[in-house]
Amino acid sequence: DEPLRDLADAKGKVIGTAVTGSKLTGTYGEIAAREFNALTPGNAMKWASVEPARGSFDWAEADRIVDFAEANGQQVRGHTLVWHSQNPDWLTNGTWTAAELRRLMTDHIATEVGRYRGRLATWDVVNEPFNEDGTYRQTLWYNGLGADYIAEALTAARAADPSAKLYINDYNVEGVNAKSTALYNLVRDLKARGVPIDGVGLQTHLILGQVPSTLQQNIQRFADLGVDVAITELDIRIDLPADSAELAQQAAEYRQVVNACVAVDRCAGVTVWGFTDSDSWIPDTFPGQGAATPYDENYAPKPAYHAIAEAL
Ligand code: XIL
């Protein structure tokens, strides 16, 4: 069978996977290199990973992923710069004035984006800024700097690497709903103000049976604003144990998601959040659920893998 990445290349689309840098050897590394034309570090570029103590940096795993991607002709999606989660304790527990917080944020962006300047295709600059009702999430950043932290972060990222596509990424924004509409309005306003914004990332952490019926329509409305769209963290979780009927339904739903992206020119592509069930965050985060990725724990392709191939 033709690798997914060849099928995606022929359509000008991304087919990516989140990866764990330390696992990029053996079968895991072979599949990551053979099947995917893009990689996203699952954790390695988060603030707590790269600067666990203030001023003390650890780029080892992030570098490893970027080097692996370059050796295999793959794009890298940087993930993620400004978020409320997986920040180092020194940052979370500190007491900062607005000026200090702004400086911390823009220095972090300059350091990390600057380190990989010219080598990363895209950055998830701001992650998960919204609540479900479309109000802003009350984070360290929002509470300290107001909603304009988003524009400031994007501007700092553009300055640090003018060639990277800059995204805002969130979950539960796949269908047309209050949260995705808030994101839509934000992107429209940023564009109107001339703030650098190139795309929106739809994480797409789905539950079996819950592909939003408005997925393609929602992708299209963002595209019509003049930004790219990417499915950035696709997985479809199932109550364990998953039976063969559920795996077949999951395959149909993977196909639906890939089809929706392929149907819209400005949809850059689809990234799965781990390609194997042995490297998925789902069982840890949603106890009793899993089997969410296209390969099983032993690296055997599941029906979802074949559905992705057929949709590409
Ligand atoms: C997850 C990782 O996969 C886990 O290993 C980690 O323990 C928690 O974070 N949305 C995101 C990702 O943007 O960064 C998250 O990744 C999954 C949800």
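In the predicted model, the ligand is surrounded by Gly42, Asn43, Asn127, Gln203, Glu233 and Trp281, a residue being near a molecule if its C-beta atom, placed from the backbone, lies within 6 Å of it. By class, this shell holds one nonpolar, four polar and one charged residues, where Ala, Val, Leu, Ile, Met, Phe, Trp, Tyr, Cys and Pro count as nonpolar, Asp, Glu, Lys and Arg as charged, and the others, Gly among them, as polar. Residues are numbered from 1 along each chain as its sequence is written. Because the model is predicted, local features need pLDDT of at least 70 and side-chain atom pairs count only at pLDDT 80 or more, whereas totals for chains, interfaces and linings use all residues.

Glu233, a member of the ligand shell, is covered by the annotation "active site" in an unreviewed UniProt entry; UniProt positions are given in the numbering used here, feature names are shortened, and annotations may be inferred rather than shown by experiment. The residue is placed in strand E8 (residues 228-239), with helices (H or I, at least four residues) and strands (E, at least two) taken as DSSP runs numbered from the N terminus. Glutamate 233 counts as buried because it has 24 C-beta neighbours inside 10 Å; the cut-offs are 20 or more other C-beta atoms within 10 Å for buried, 12 or fewer for exposed, and partly exposed in between, with C-beta atoms placed from the backbone. Leaving aside residues up to four places away in sequence, glutamate 233 touches Ala18, Gln203, Thr204, His205, Thr271 and Trp273, contact requiring C-beta atoms, placed from the backbone, within 7 Å.

Lysine 23, by comparison, lies in the loop between strand E1 (14-19) and helix H2 (26-35), and counts as partly exposed because 15 C-beta neighbours fall inside 10 Å. Beyond four places in sequence, lysine 23 touches Tyr28 and Asp279.

The protein as a whole has 13 helices and ten strands, and 47% of its 312 residues are buried. Of the contacts with a separation of 6 or more, 75% are accounted for by residues 24 or more positions apart. The largest nonpolar core, a set of buried Ala, Val, Leu, Ile, Met, Phe, Trp, Tyr and Cys residues joined through C-beta atoms within 7 Å, has 88 residues, and those with the most contacts inside it are Val125, Ala153, Ala157, Val257 and Ile308. Helix H8 (residues 149-160) gives the most to this core, with seven residues. Valine 257 touches Thr204, Val211, Leu215, Ile231, Leu234 and Val270, not counting residues up to four places away in sequence.

Conventions: Contact = placed C-beta atoms within 7 Å.
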